[in-house]
Amino acid sequence: MKHLLRGRNIYLIGMMGCGKSSTGHPLAKALGYRYVDADSVLEELLGKSIEQIFDEEGEESFRSMEAQILQSIGERHSLIVSTGGGVVTRSENWGILHQGIVVWLDVELGKLWLRLQEDSVHRPLLKAIHSEADLERFLNQRKCFYSEADLSIQIRDEGPEEVVSKILKALPSLITDPLDPGEQQTTAT
Ligand code: S3P
């Protein structure tokens with residue numbers, strides 16, 4: 001599999017709490033890739049948490065820095081990249097994402113709501129989400145972006161290892177031979 005990827009990065013996209021980090025680590029291990037969390041890179045660089053960056057600099061400034069981090073990650077190869085849930089909303093980011101393979105972890109709404117309530121990570125945008133219906137509205141605004149992924153993995157009760165297996169199973173159909181025309185878009189259920 002690794003030789004077929006030819007060093008192309010794999011970008012995990014999806015809503016907050018969809019399991020990008022918990023999937024990214026085992027996926028990197030399975031492929032002999034390195035794992036990078038784009039938000040953590042920004043946090044380390046600025047010495048501030050994402051929450052502090054939002055509070056002190058505002059969302060627009062965060063989005064610009066997020067785009068710069070993505071650009072520098074895009075200059076490297078053989079990475080599994082966990083992206084922040086909103087990276088998809090800036091069109092300039094797609095130029096970089098599509099140089100790699102983009103995988104959407106599409107967690108069913110009810111599950112996502114439960115996970116976010118149990119999660120201890122502080123996420124600034126969650127301050128405006130008080131119910132499952134709020135989350136649904138938010139998700140609906142994002143879906144059109146996430147569905148641009150090369151591969152969508154639909155997740156209900158599967159744990160990270162099962163999600164990784166689904167991704168590994170679907171990847172070959174996305175990687176075309178250089179002599180083959182056009183790449184595919186795939187949904188794995
Ligand atoms: C955001 C998701 C967060 C983080 C920031 C904004 C979003 O990352 O980038 O709080 O806009 O959905 P995770 O998806 O890793 O929680």
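A polar contact is taken here as a pair of N or O atoms within 3.5 Å. In the predicted model, the side chain of R123 meets this criterion with respect to the ligand, since one of its N or O atoms lies 2.6 Å from a ligand oxygen atom. The side chain of D39 likewise places an N or O atom 2.7 Å from an oxygen atom of the ligand, whereas G86 contributes through its backbone, from which an N or O atom is 3.3 Å from a ligand oxygen. Around the ligand there are 14 residues, of which K20, D39, R63, R123 and R142 come nearest. On its own the ligand has 380 Å² of accessible area, and 92% of this is covered by the protein.

D39, one of the residues that come nearest to the ligand, also belongs to helix α3, which comprises residues 38–46. The N-terminal end of α3 is capped by D37, a side-chain oxygen of which lies 3.0 Å from the backbone nitrogen of D39. Beyond the other end of the helix, α3 is followed by G47, for which phi is positive, near 65°.

Helix α3 also packs against helix α5, residues 59–74, the two axes coming within 10 Å and crossing at roughly 110°; because angles of 65 to 115 degrees count as roughly perpendicular, α3 and α5 are assigned to that class. On the α3 side the contact is formed by A38, D39, V41, L42, L45 and L46, and on the α5 side by F62, M65, E66, I69 and I73. By residue type, the contact of α3 with α5 consists of nine nonpolar and two charged residues, with no polar residue taking part.

Methods. Residues numbered from 1 in each chain as written. Predicted model: local features only at pLDDT ≥ 70, side-chain atom pairs only at ≥ 80, totals over all residues. Heavy atoms only, no water. Axes fitted to C-alpha atoms, helices over the stretch in contact; angles between N-to-C directions. Helix = DSSP H or I, 4+ residues; strand = E, 2+ residues; numbered from the N terminus. Parallel < 35°, antiparallel > 145°, perpendicular 65-115°, else oblique. Contact = heavy atoms within 4.5 Å. Nonpolar A, V, L, I, M, F, W, Y, C, P; charged D, E, K, R; others polar. Near = heavy atom within 4 Å. Polar contact = N/O pair within 3.5 Å; in protein donor to acceptor, adjacent residues only side chain to side chain. Areas by Shrake-Rupley, 256 points an atom, 1.4 Å probe, with all protein chains shown as cover.
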